[in-house]
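Subject: Handing over the structure

Hello,

I am passing this structure on to you. Please have a look at the view below, then read my notes on what I found.

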Amino acid sequence: MVIKNSLPEKEVAKRAKEIYSRLLKRYPDPTPELDWKNGWELLVSTVLAAQCTDVRVNKITPALFAKWPGPAELCKADVTDIESVIRSTGLFRNKAKNLKAAAILLMDEFDGELPRSMQEMTRLPGVARKTANIVLSNAMDVHEGVAVDTHVKRLSFRMGLTVSTNPIIIERDLMPLFKRENWGIANHLLVLFGRDICPARSPKCNICPLNDICPKNGIEKK
């Protein structure tokens, strides 16, 4: 069931600004919890993090990048060898296939360099808007949208920043609520807060610093 937000757009924008301000005070240096040194490593790590924890990904990527530092090396790797290294991240067969295919495309059409636009980034196998937004904003300082993962999807609805549960529509709704240069930061803040205070089950509303301004959409009132 979708709960419609009864507040006008100006009130939603005001709330979003206050949410951003409060969360930035709580997390003054928000960054991806994935370990990475360049755009390629962030791309690979983000792909591997699908339905897997960042902690688990960080445990296997050192060996992965030691063996195949970049797309030039990975495009020559046997898919079964990639699978053996990333097996513990889950969905490893599909991830291995996509990573190798992405490496091949980068070498064939982009001289081994990551593209700097959403249109070109999402041409890479296994890379949809969420992954592209994360890589573009964090590794290249290119802001084309707001990455909507499970945490952002959940919190933006609960906080009344959107009435949709569709990631594409949620992203469209969130973009005008934050300054363009802060789109990547907004994603990090919501992800960190979602893990820390507002998980899918048993949100800690009693200690939530946003309790007074959050409509708690979708949360059963006790």
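**Start with an aromatic pair**

F178 is buried, with a relative accessible area of 10%. Keep in mind that this is a predicted model. Which ring partners F178? It is Y20, and the pair is tilted. The ring centres are 6.0 Å apart, with 45° between the planes. Y20 is buried too, at 13% relative accessible area. The aromatic pair count comes to 1.

Where do the two partners sit? Y20 lies in helix α1 (residues 9-26), and F178 lies in the loop between α10 (167-174) and α11. They are 158 residues apart in sequence, so the pair ties together distant parts of the chain.

**The chain as a whole**

The chain has 11 helices and 0 strands. Read along the sequence, the pattern is α-α-α-α-α-α-α-α-α-α-α. There are 222 residues, and 49% of them are buried.

What about overall dimensions? The radius of gyration is 19 Å. A compact globule of 222 residues would have one near 17 Å, so the chain agrees with that. Along the principal axes, the C-alpha atoms fill a box of roughly 55 × 35 × 30 Å. The accessible surface is about 11,900 Å². Carbon and sulfur atoms account for 52% of that surface.

Next, the contacts. Take those with a separation of 6 or more: 60% of them join residues 24 or more positions apart.

**Two cores**

In soluble globular proteins, nonpolar side chains tend to be buried together. Here the largest nonpolar core has 39 residues. Those with the most contacts inside this core are W40, L48, L74, I86, L114, M121 and L124. Which elements give two or more residues to this core? They are α2 (39-48), α3 (54-67), α5 (79-86), α6 (92-109), α7 (118-121) and α8 (129-139). Helix α6 gives the most, with 7 residues.

M121 is a good place to zoom in. Leaving out residues up to four places away in sequence, M121 touches P115, V127, A132, V135, L136 and M140.

There is also a second, separate core, of 28 residues. V148, M159, I170 and W183 are among them.

**Helix α9**

Is helix α9 mostly covered or mostly open? It is mostly covered. The helix spans residues 150-158, and 7 of its 9 residues are buried. The buried ones are H151, V152, R154, L155, S156, F157 and R158. Note that this list includes H151 and the arginines R154 and R158. What covers the buried residues includes α10 and α11.

Both ends of α9 deserve a look. D149 caps the N-terminal end. A side-chain oxygen of D149 lies 3.1 Å from the backbone nitrogen of H151. Just after the helix, G160 takes a positive phi of about 75°.

**Two unusual backbone angles**

Two residues that are not glycine have a positive phi. The first to look up is L91, with phi of about 50°. L91 is found in the loop between α5 and α6. Its relative accessible area is 48%, so L91 counts as partly exposed; exposed would need over 50%.

The other is K216, with phi near 60°. K216 is found in the segment after α11 (183-196). Is K216 buried or exposed? At 17% relative accessibility, K216 is under the 20% cut-off, so K216 counts as buried.

**Two residues of helix α3**

N58 and A66 make a useful contrast. N58 is in helix α3, and A66 is in helix α3 as well. N58 is buried, with a relative accessible area of 16%. A66 counts as exposed, at 63% relative accessibility.

What does N58 touch? Its contacts are E33, L34 and D35, again not counting residues up to four places away in sequence. For A66, I have one distance for you. A66 and V142 are 76 residues apart along the chain, and their C-alpha atoms are separated by 28 Å.

**Where to look**

For a short tour, begin with the tilted pair of Y20 and F178. Move on to M121 and its contacts, such as V135 and L136. Then check the cap that D149 places on α9. Finish at K216 and its positive phi.

Over to you.

Best wishes

Note on methods: Residues numbered from 1 in each chain as written. Predicted model: local features only at pLDDT ≥ 70, side-chain atom pairs only at ≥ 80, totals over all residues. Heavy atoms only, no water. Core = buried A, V, L, I, M, F, W, Y, C linked by side-chain atoms within 4.5 Å. Buried < 20%, exposed > 50% of the residue type's maximum accessible area, 1.4 Å probe, protein only. Helix = DSSP H or I, 4+ residues; strand = E, 2+ residues; numbered from the N terminus. Contact = heavy atoms within 4.5 Å. Phe/Tyr/Trp six-rings, centres within 6.5 Å; stacked < 30°, edge-to-face > 60°. Rg over C-alpha atoms; globule rule 2.2 N^0.38 Å. Areas by Shrake-Rupley, 256 points an atom, 1.4 Å probe, with all protein chains shown as cover. Polar contact = N/O pair within 3.5 Å; in protein donor to acceptor, adjacent residues only side chain to side chain.
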